[in-house]
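Let's take a friendly walk through a protein model, one stretch at a time. Keep the picture in view and look up each part as we come to it.

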Amino acid sequence: MLIPSVVDVAGINSISELIYREAAAAVCGMMEQSPPPQRQEKPLIAITMFGNTTAAVERCKRQLEAQGYECLVFHCTGTGGQTMEGLVEDGRIAAVLDMTTTEWADELCGGVFTAGDARLEAPGRVGIPHLVVPGCIDMVNFGGADTVPERYRDRLLYAWNANVTLMRTNVEENEQLGEIFAQKLNRARGGTAVLIPTRGYSLLGASGERFHQPEADAAFEQALQSRLHPHIRCETLELAINDEAFADRAVRLLTELLAAQQAAQERQDKRGGAVHD
């Protein structure tokens, strides 16, 4: 903690005396603070969310918490995805339910919510279960309408509010995203799977909504599936991302990945014990 002296530190005067007393009191208060009681730690599950995937994430979170996990929800605004993957690198996360991967759409198209070109890499590099959903890759985020780049002015745009303008990704961009996702996930060392809601990747992308473009979504699916390594499970469901049945399947698939990892760890431990004996 840094406390400004306000005045020069040469000698004590009516101002500096007050500052020093407050600084000393702050130090004493921190020293007297007793640590919270130790609680049993639960495995941490990281979940990524956006306004357009909130319903799905909340349902998944409730179910995972009922199974004994602690869920950390990260809002995918660039820093959210970076923070999540940083915690993964630190070894604090047991698994990732990547329900919202919209930051890659922003990285590809120059949106304001990019998390950088390393997004999607940390779980695979560390080797933890990683369930990936193309949540909200059907949109790119910009600021107010006047901040949308000139090259995108003729695209399908939607003013989410006065400070957020969304642009629908097109067929070509979704094809590129499918290639990028496959490239990232093929490097994974841990259990990895993809779950695709073919009837809409977001609230706005569902049937009858403004961003519903099945041909663009299909371009992502085809590019991903044609390049994804055969050992990575890829399921498609005839559901929208916020349908309850989709969230239920996401939870089951993630718990299957966790169970497979635990079984593999137990086998490895037994082999290590046998060698030691």
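Where is the place of Thr53? Thr53 sits in the loop between strand 1 (44-49) and helix 2. Before we go on, please remember that this is a predicted model. Thr53 is buried, because its relative accessibility is 0% and a residue counts as buried under 20%. Leaving aside residues up to four places away in sequence, Thr53 touches Met99, Thr100, Gly135, Cys136, Tyr201, Ile241 and Asn242. Try finding these contacts in the picture; two of them, Cys136 and Tyr201, will come back later.

Next comes helix 2, which covers residues 54-66. Is its length what we should expect? We can check that with a ruler of 1.5 Å a residue: the 13 residues of helix 2 should span 18 Å, and its end C-alpha atoms are 18 Å apart, which agrees. Which residues of helix 2 are buried? They are Ala56, Val57, Cys60 and Leu64. If you look down the axis of helix 2, these buried residues fall within an arc of 90°, so they line one face of the helix. On the other side of helix 2 you will find Arg62 and Ala66, both exposed. After the helix comes Gly68, with a positive phi near 100°.

A positive phi turns up in other places too. Leu120 is a residue other than glycine, yet its phi is positive, near 90°. Look for Leu120 in the loop between helix 4 (103-109) and helix 5 (122-126). Leu120 has a relative accessible area of 1%, so it is buried. Now return to Cys136, one of the residues that Thr53 touches. Cys136 is not a glycine either, and its phi is positive at about 65°. This residue lies in the loop between strand 4 (130-132) and strand 5. With a relative accessibility of 0%, Cys136 counts as buried.

From here we can step into a sheet. Strands of a sheet pair through backbone hydrogen bonds, either parallel or antiparallel. In what order do the three strands of the open sheet lie? The order is 5-7-6, with antiparallel pairing. Strand 5 (139-142) and strand 6 (157-161) are the edge strands, since each pairs on one side only. From one strand to the next, the twist averages 30°. Strand 7 (residues 164-168) runs antiparallel to strand 5, and four bridges join the two. To see one pairing up close, find Val140: its bridge partner in strand 7 is Met167.

Leu166 is also found in strand 7. Its relative accessible area is 1%, so Leu166 is buried. Leu166 and Phe142 are 24 residues apart in sequence, while their C-alpha atoms are 6.3 Å apart in space. Not counting residues up to four places away in sequence, Leu166 touches Met139, Val140, Asn141, Leu156, Leu157, Tyr158, Trp160, Leu204 and Phe211.

Finally, let's look at the aromatic rings. How many aromatic pairs does the structure hold? It holds five. Phe142 and Tyr152 form a tilted pair, at 5.8 Å centre to centre with 40° between the planes. Phe142 lies in strand 5 and Tyr152 in the loop between strand 5 and strand 6, so this pair ties together parts that are ten residues apart in sequence. Both partners are buried: Phe142 has a relative accessibility of 4%, and Tyr152 has a relative accessible area of 9%.

Another pair is formed by Tyr158 and Trp160, with 6.3 Å centre to centre and 70° between the planes. What is this arrangement called? It is edge-to-face. Tyr158 is partly exposed, with a relative accessible area of 24%, and Trp160 is partly exposed as well, at 38%. You have met both residues already, as contacts of Leu166.

One last group is worth finding in the picture. Phe181, Tyr201 and Phe220 form one aromatic cluster. Tyr201 takes us back to our starting point, since Tyr201 is among the residues that Thr53 touches.

Methods: Residues are numbered from 1 along each chain as its sequence is written. This is a predicted model: local features need pLDDT of at least 70, side-chain atom pairs count only at pLDDT 80 or more; totals for chains, interfaces and linings use all residues. Side-chain values use heavy atoms; hydrogens and water are left out. Two strands pair if DSSP finds at least two bridges between them. Axes are lines fitted to C-alpha atoms, for helices over the stretch in contact, and angles run from 0 to 180 degrees between N-to-C directions. The expected span of a helix is 1.5 Å times one less than its number of residues. Buried means under 20% relative accessible area, exposed over 50%, partly exposed in between (1.4 Å probe, protein chains only). The arc is that of the directions from the helix axis to the C-beta atoms. Rings of Phe, Tyr and Trp (its six-membered ring) pair if their centres lie within 6.5 Å; planes under 30 degrees apart count as stacked, over 60 as edge-to-face and the rest as tilted. Contact means heavy atoms within 4.5 Å.
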